[in-house]
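Reader: Could you take me through the place where the two chains meet? I would love a close look at that one part, from its extent to its contacts and its symmetry.

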2 protein chains.
Amino acid sequence: MKKALAIDVGGTKIYSTVINENGEIIGDIEKHSTPKVYSEIISTFKNIISKHENEIDIVAFSTCGAVNNQNTGILGSTGNIAKEYPTTDFQSLSSKPVFVENDANCAAWAEYEIGSAKGCLNSVMLTLGTGVGGGIIVNGQLLKGKNGAAGEMHFKLRTDKRRKCTCGAWDCFEIYCSGTGLKLTGEEVSGNSNITTYDIIAGYKSGDEIMTKIFDIWQDDILAGCIGLANIFDPDCIVLSGSMAEFVDIEYLTKETNREIVTTPTKVVKASAGNYSGMIGAALLAFRKGF
Amino acid sequence: MKKALAIDVGGTKIYSTVINENGEIIGDIEKHSTPKVYSEIISTFKNIISKHENEIDIVAFSTCGAVNNQNTGILGSTGNIAKEYPTTDFQSLSSKPVFVENDANCAAWAEYEIGSAKGCLNSVMLTLGTGVGGGIIVNGQLLKGKNGAAGEMHFKLRTDKRRKCTCGAWDCFEIYCSGTGLKLTGEEVSGNSNITTYDIIAGYKSGDEIMTKIFDIWQDDILAGCIGLANIFDPDCIVLSGSMAEFVDIEYLTKETNREIVTTPTKVVKASAGNYSGMIGAALLAFRKGF
């Protein structure tokens with residue numbers, strides 16, 4: 001059975017491990033800090049690859065940033081990694097074939113192959129963390145668009161310029177439905193600019209009235225996104241992943257989404273492919289694409 | 001060359017004609033009022049079909065309502081046609097193969113094959129009329145979703161329950177960006193509940209300040225939708241069709257969309273496949289699918 005060296009590149013951490021064609025993790029999970037400058041990022045990649053190159057068949061990157069349709073390089077970063085992050089020279093890192101895909105797309109693919117969206121030819125995944133990532137499966141294929149940048153969850157939930165999103169535009173889904181969005185909703189409702197997502201979640205869990213109100217506004221913004229995406233894609237399911245997904249009420253979101261959509265009934269589910277779904281998805285996509 | 005009898009079924013009118021494999025209209029355009037009851041709709045279909053059945057190879061319906069993935073029947077109407085509209089018995093109407101697809105999807109396909117989106121493997125079409133229709137092409141295929149209902153432009157532009165959409169939910173793109181939406185924006189801004197879309201468009205064209213303000217709000221709502229859809233799909237283009245599309249400023253929408261999106265540059269264009277694009281698209285899709 002073939003083996004992939006999977007490398008997950010985030011703004012702060014780089015993870016790596018070895019994964020087989022079944023999507024099983026068969027190596028240790030290695031963890032590095034993400035260096036701030038180009039040359040050191042490249043050195044980190046080279047060190048990881050040289051250590052494993054003889055035992056693996058392909059290298060599969062799950063990375064932040066939009067990845068081209070050839071899966072060979074980055075179209076442009078979203079700003080959470082060094083500006084000099086490599087764009088088209090991934091293949092030069094190894095003598096083995098090197099595959100690259102966006103991390104949210106990889107995670108969505110892992111859910112499709114081995115997770116909550118298994119068997120669902122049409123699904124939308126929302127990764128709710130510090131920001132929001134998106135990965136969409138249409139008819140059993142990753143939705144990439146003309147250049148590979150599709151799946152960005154920057155559609156507007158307001159049109160009166162209330163919050164500037166991290167992308168520079170106003171009022172995107174991300175700036176309301178991320179962890180950052182929860183904190184901002186908390187600040188607006190409580191008037192306390194020092195409020196944290198932790199405060200809100202803890203207060204919500206203990207039944208605090210104000211914290212529950214904040215949480216409900218945040219969750220209803222997620223609901224608004226689910227409704228729109230369900231009407232656009234008529235998906236089998238909407239998968240919620242990421243650190244913030246554990247707090248949402250899946251039954252409520254499913255019920256209310258189905259109450260509002262004009263498309264056919266769908267379900268909102270939590271991701272189940274685990275913390276390393278980005279690496280698993282990258283490896284499985286690379287195998288599928290014949291890298 | 002094969003010929004299709006194309007039939008376009010709307011809430012008020014039924015059109016029909018004969019179309020060849022090049023998408024050329026080679027028959028007269030026939031027009032009927034849409035009857036209000038099931039039996040009369042069926043009679044109208046049968047009369048049209050019996051008149052042409054000997055000269056054509058297939059029957060291709062472009063219809064309101066969501067159409068299943070087998071292109072044999074309707075999943076459910078959107079409410080602008082008789083409740084008893086036939087659902088799965090289209091094939092019984094003719095001895096020739098009968099193909100069915102949603103009208104907005106058909107129009108999007110016509111733009112893809114012979115119109116403004118020709119050569120664009122990824123496009124989003126918005127039909128701006130009394131309501132809003134949507135048709136999406138992903139990688140050269142119509143986006144249908146799990147059951148065929150995808151492409152509904154009912155994503156929320158507000159989340160504070162300002163306007164009830166025709167679909168029953170609150171604040172959908174459709175209820176802001178349709179002709180109906182323009183009138184409602186006009187009512188809100190002017191305080192005049194008798195204002196018409198005609199008043200607004202005429203005033204906007206003659207430079208009236210209030211009417212221009214109303215128009216600009218409406219157009220910026222369309223822009224908000226374009227930005228979201230461009231971020232979700234990374235499309236080659238967004239095609240605007242329908243009676244309201246002729247008034248929008250395409251250059252403004254293209255420039256502002258590209259200024260805000262995180263995906264790769266796109267363009268907003270007007271549809272060019274003409275008034276009968278629904279019938280043309282239905283015929284071309286039916287030929288493509290081998291009906």
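Author: Happily; what follows is a walk through the interface between chain B and chain A. Please keep in mind that this is a predicted model.

Let's begin with the extent of the interface. On the chain B side, 42 residues are in contact with 42 residues of chain A. Together the two chains bury about 3,200 Å², and 61% of that area lies on carbon and sulfur atoms. Within chain B, the residues that lose the most area to chain A are K146(B), K156(B) and I232(B), which together account for 23% of what that side buries.

One of those residues, K156(B), also takes part in a charged pairing: its side chain meets that of E260(A) in a salt bridge, at 2.9 Å from N to O. Between chain B and chain A, the count of salt bridges is six. As for polar contacts, 26 residue pairs are counted between the two chains, with both residues at pLDDT 80 or more.

Now to the elements behind the chain B side. Two or more residues each come from β9 (132-138) and α6 (209-233) of chain B. Of these, α6(B) gives the most, with eight residues. Sorted by class, the side of chain B that touches chain A has 19 nonpolar, 12 polar and 11 charged residues.

Finally, the symmetry. Chain B superposes on chain A by a rotation of 180 degrees with 0.0 Å of shift along the axis, at an RMSD of 0.0 Å. The two copies are therefore related as by a two-fold rotation axis. The same surface serves both copies, as 100% of the contact residues of chain B recur in chain A.

Technical notes. Residues are numbered from 1 along each chain as its sequence is written. Chains are lettered from A and ligands numbered from 1 in the order in which they are written. This is a predicted model: local features need pLDDT of at least 70, side-chain atom pairs count only at pLDDT 80 or more; totals for chains, interfaces and linings use all residues. Side-chain values use heavy atoms; hydrogens and water are left out. Contact means heavy atoms within 4.5 Å. Buried area is the accessible area (1.4 Å probe) that two parts lose on being put together, summed over both. A salt bridge is a side-chain nitrogen of Lys or Arg within 4 Å of a carboxyl oxygen of Asp or Glu. A polar contact is a pair of N or O atoms within 3.5 Å; within protein, one must be able to donate a hydrogen and the other to accept it, and residues adjacent in sequence count only if both atoms are side-chain atoms. Helices (H or I, at least four residues) and strands (E, at least two) are DSSP runs, numbered from the N terminus. Ala, Val, Leu, Ile, Met, Phe, Trp, Tyr, Cys and Pro count as nonpolar, Asp, Glu, Lys and Arg as charged, and the others, Gly among them, as polar. Copies are superposed by least squares on the C-alpha atoms of residues with pLDDT of at least 70 in both.
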